[in-house]
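Let's walk through this model together, starting with one helix and then stepping back to the chains around it. Keep the structure open beside the text as you read.

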Amino acid sequence: MKVTMDRIVSVRNVNKIYASGHQALKSVNLDIQRGEIFGLLGPNGAGKTTLISIICGIVNATSGHVSVNGHDTRNAFRAARSIIGLVPQELTADAFETVWDTVTFSRGLFGKKPNPALIEEILKDLSLWDKKNDQLMTLSGGMKRRVLIAKALSHEPKVLFLDEPTAGVDVELRKAMWDTVRGLQKSGVTIILTTHYIDEAEEMADRIGVIRAGEIILVEEKNALMHKLGRKELRLDLRAPLTTLPDNLAEFELTLNDDGSALCYNYDRAKEHTGINALLTALSNEGIAFRDIETSQSSLEDIFVDLVNDQS
Amino acid sequence: MNWPAVKAIYGFEMARAWRTVMQSIFSPVMSTSLYFIVFGAAIGSRIQEIDGVSYGAFIVPGLIMLSLLTQSISNAAFGIYFPRFSGTIFELLSAPVSFVEVLLGYVGAAASKSIILGLIILATAALFVDLQIAHPFWMLTFLVLTAVTFSLFGFIIGIWADGFEKLQLVPLLIITPLTFLGGTFYSISMLPEFWQKVTLFNPVVYLVSGFRWSFYEISDVSVTLSLTMTIAFMLVCLAIIWWIFKTGYRIRN
């Protein structure tokens, strides 16, 4: 997906200290580009939801500024908020309301004139049309989640925040939601996604931001991130198991796995000299034969775990 | 001004009243009718007239005020407290609405409900006692002003409360005693002189007195003073709510 390089959300030096004294955000700076899907990753309690809540106007920042489409979220809150849609993490819904009423309510709340045709289209897209007259308390968790998405889409937002959108959603529905999100991106909506499922970010996001203990520790294009931080592993299945590594191989960072029947070599793909040639030559010199060879690449999840652990 | 939002909130709150019509309309009408039967018909027939008005008729304005105050407060308090409790308030806070739209929606709906209720009770009272309304315009003015003012007050309680207990605390422990001691069932002039002075610190006295004047042209304090006190209390509530929204007290922190 091609992303034009102008900012739609700009977060500047935002701090949040709760009344309890807990500092949830520390001088956070972040730019979201128009039209992208931005994946915000971080462990529990890292500040993801606080950051989203500040951008959306639900929580006041202790200091700093946020602007959305050039509008300051405090001084020009109407202009800023009217283009934001938010799907919260918690499944909060008015138990006694019907699907149709609650989605229609959201559209009105955001200052938009009634548009039953649009609401119908949204409900159909999210497979909620046959539930339109049902009370929310009668719906399953996955359906409630979709109702929250429908509410957020009802006022045609330009920026959509999805806070853990697929938590507790089955695999099939997750895939369907991913398609919905891609469709929204195609229609020009900028999407900010927080998720615990790293594979979701890997699948969906154009760029990734990692937040840890209230600080943004990294923002990078996903592909560049995978390329830069992703390590590759070369695995050699040996013909005869080794008990120890020969001294001549000490210069390589090798590990013996599977009771000595496999040699694993980690290398950095980004480097000009990966050391593979030298390793294979050295193995040949030592007379170590192998019957299979495979390489694998670390997933975003591995990168994420490394990142979060490295800095803690 | 975001009028669709006002309409959405107002409509939502009114729909909630219809869903709970037993609780919002029938139960206050029922309890007020009991007052009429007990105080108006049974005991009232043995009490002498007050300022030329039969006792049953005398208590009507006070009883309407009693319902108006408690219902305005609980309607508005519950209306804003419940979204806070259930978490659905996130949507209100993230919406392009200022405190003006929120107030028009929530307080407007709460006040509308209590005004409708007040009129129903008035109609019910007419079944039991001989009513006369000397100044219908002022009667409605006091009705609306009181409903709006105490809905504002209820809204503040709904923001302040951090549990269902606190939500009930103010109406039960403060408003009900103030209303009973505010001249609902008697004229202040019937009290010993010292207690007459103390009673003047009770804001409900001014509401009941002004409202009763609009019916029978009898009052404990001057009508102008009644009106001034009601408007003053309304302005204080408005100022507090403005501050709540400006600072985000209990909602954006």
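In this predicted model, helix H1(B) has a set of buried residues: Ala5(B), Val6(B), Ala8(B), Ile9(B), Tyr10(B), Phe12(B) and Glu13(B). What lies over them? The cover for the buried residues of H1(B) comes from both chains, and includes helix H3 (99-109) of chain A as well as helix H3 (55-86) and helix H5 (99-128) of chain B. A general point helps when you look at such a list: an α-helix has 3.6 residues a turn, so residues three or four places apart point the same way.

The length of H1(B) is worth a check too. Its 17 residues, at 1.5 Å a residue, should span 24 Å, and because the end C-alpha atoms are 24 Å apart, the two values agree.

Now for the place where the chains meet. Here 26 residues of chain A are in contact with 20 residues of chain B. On chain B's side, the elements giving two or more residues are helix H1 (3-19) and helix H4 (89-94). H1(B) gives the most, with 6 residues. By class, the chain B side that touches chain A breaks down like this:

| Class | Residues on the chain B side |
|---|---|
| Nonpolar | 9 residues |
| Polar | 7 residues |
| Charged | 4 residues |

Finally, the partner. Chain A holds 10 helices and 14 strands, and its C-alpha trace spans about 80 × 45 × 40 Å along the principal axes. Of the 312 residues in chain A, 38% are buried. Among chain A contacts between residues at least 6 apart in sequence, 70% link residues at least 24 apart.

Terms used:
Residues are numbered from 1 along each chain as its sequence is written. Chains are lettered from A and ligands numbered from 1 in the order in which they are written. This is a predicted model: local features need pLDDT of at least 70, side-chain atom pairs count only at pLDDT 80 or more; totals for chains, interfaces and linings use all residues. Helices (H or I, at least four residues) and strands (E, at least two) are DSSP runs, numbered from the N terminus. A residue is buried if 20 or more other C-beta atoms lie within 10 Å of its own, exposed if 12 or fewer, and partly exposed in between; C-beta atoms are placed from the backbone. Two residues are in contact if their C-beta atoms, placed from the backbone, lie within 7 Å. Ala, Val, Leu, Ile, Met, Phe, Trp, Tyr, Cys and Pro count as nonpolar, Asp, Glu, Lys and Arg as charged, and the others, Gly among them, as polar. The expected span of a helix is 1.5 Å times one less than its number of residues.
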